[in-house]
Amino acid sequence: MNTETNPTMVENNVVVTLEYELKVDGEVVDSSENGDPIVFLQGAEQIVIGLEKGIYGMKLGETREITVLPAEGYGEYDENGIVEVARKEFPPDFPLEPGVEITVHTDGEDEDSENEIQEATIVSVNKYVVTLNFNHPLAGKTLDFKVKVVDLREATEEEIEHGHVHGEG
Ligand code: ZN
């Protein structure tokens with residue numbers, strides 16, 4: 001039997017359960033209040049890197065406000081992420097409406113390259129052209145997190161090896 005005590009603060013190879021609220025431009029865009037807290041392996045880059053850096057050393061039950069700049073959040077906004085595609089490339093019954101998020105499969109250039117799957121948001125649609133934005137919806141945004149550590153436990157060797165958390169069951 002393993003009777004080790006749980007870790008007392010956030011450090012690498014600790015499984016962290018975190019309640020969070022994310023504000024962007026002063027508005028709450030995501031929070032654990034309507035769902036479950038996030039559970040992740042600290043040090044495995046399972047969460048945005050700026051948040052991971054910001055929670056090191058936090059103790060069980062501690063709350064903290066962490067501001068994450070775009071470079072350590074969802075990246076800088078990239079003008080090259082705006083791409084125009086001919087409308088005829090889409091199936092006739094495809095719901096082409098601004099704001100709709102779509103998944104784009106791109107075939108590899110040659111048989112050795114892998115097919116890529118990318119998320120994009122439809123920016124605008126006209127008779128011939130659909131404009132897509134491949135930036136993450138929060139690219140270029142400063143992220144204001146308010147977090148609370150609600151559980152800490154030692155990761156298993158297998159979890160550390162895999163770089164992610166395994167379920168309880
Ligand atoms: Zn695994």
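The protein exposes about 11,400 Å² of surface, and carbon and sulfur atoms supply 45% of that area. I should say at once that the model before you is predicted, and each value I give this morning is computed from that model. Of the 169 residues of the protein, 28% count as buried.

Let me turn to charge. The protein carries 11 positive and 38 negative side chains. The centres of these two sets lie 9 Å apart.

Next, the overall build. Two helices and nine strands make up the secondary structure of the protein. Read from the N terminus on, the order of the elements is β-β-β-α-β-β-β-β-β-β-α. The radius of gyration is 20 Å, well over the 15 Å that the globule rule gives for 169 residues, so the protein is more spread out than a compact globule. Along the principal axes, the C-alpha atoms fill a box of roughly 65 × 45 × 25 Å.

How do contacts distribute along the chain? Among contacts between residues at least 6 apart in sequence, 65% join residues at least 24 apart.

With that frame in place, I will go through individual residues, beginning close to the start of the numbering. Val10 is placed in the segment before strand S1, which covers residues 14-24. Is Val10 buried or exposed? Its relative accessibility is 1%, and a residue under 20% counts as buried, so Val10 is buried. Which residues does Val10 contact, once its neighbours within four places in sequence are left aside? They are Val16, Gln42, Ile55, Tyr56, Gly57, Met58, Val149 and Leu152. A further relation concerns Leu41: Val10 and Leu41 are 31 residues apart in sequence, and their C-alpha atoms are 9.9 Å apart in space.

Asn13 is also found in the segment before S1. Its phi is near 70 degrees, a positive value in a residue other than glycine. Asn13 counts as partly exposed, at 33% relative accessibility.

A second positive phi occurs at Asp25, where the angle is about 50 degrees although the residue is not a glycine. Asp25 sits in the loop between S1 and strand S2, the latter being residues 27-31. What is the exposure of Asp25? With a relative accessible area of 60%, Asp25 is exposed, because the cut-off for that class is over 50%.

I move on to two strands, S5 and S8. Ile82 lies in strand S5, residues 82-86, and Thr131 lies in strand S8, residues 129-133. The two residues touch: Thr131 is among the contacts of Ile82, and Ile82 is among the contacts of Thr131. For Ile82, again leaving aside neighbours within four places in sequence, the full set is Tyr77, Thr131, Leu132 and Asn133. For Thr131, not counting residues up to four places away, the set is Ile82, Val83, Glu84, Thr121, Ile122, Val123 and Ser124.

Their accessibility falls into separate classes. Thr131 is buried, with a relative accessible area of 10%, whereas Ile82 is partly exposed, with a relative accessible area of 31%. Ile82 has a further partner in space to mention, Phe134: the two are 52 residues apart in sequence, and 6.3 Å apart from C-alpha to C-alpha.

The loop after S5 comes next. Glu89 is placed in the loop between S5 and strand S6, the latter covering residues 101-106. At 57% relative accessibility, Glu89 counts as exposed. How far is Glu89 from Gly167 in space? Their C-alpha atoms are separated by 41 Å, and the two residues are 78 apart along the chain.

Finally, aromatic rings. A pair of aromatic rings is described by the distance of the centres and the angle of the planes. How many aromatic pairs does the count come to? The count comes to one aromatic pair. Phe90 and Phe94 form that pair, with 5.5 Å from centre to centre and 50 degrees between the planes. The pair is tilted, because that term covers angles that are neither under 30 degrees nor over 60. The two partners differ in exposure class: Phe90 counts as buried at 14% relative accessibility, while Phe94 is partly exposed, with a relative accessible area of 30%.

Methods. Residues numbered from 1 in each chain as written. Predicted model: local features only at pLDDT ≥ 70, side-chain atom pairs only at ≥ 80, totals over all residues. Heavy atoms only, no water. Helix = DSSP H or I, 4+ residues; strand = E, 2+ residues; numbered from the N terminus. Buried < 20%, exposed > 50% of the residue type's maximum accessible area, 1.4 Å probe, protein only. Contact = heavy atoms within 4.5 Å. Phe/Tyr/Trp six-rings, centres within 6.5 Å; stacked < 30°, edge-to-face > 60°. Rg over C-alpha atoms; globule rule 2.2 N^0.38 Å. Areas by Shrake-Rupley, 256 points an atom, 1.4 Å probe, with all protein chains shown as cover. Lys, Arg positive; Asp, Glu negative; His and termini not counted. Charge placed at Lys NZ, Arg CZ, Asp CG, Glu CD.
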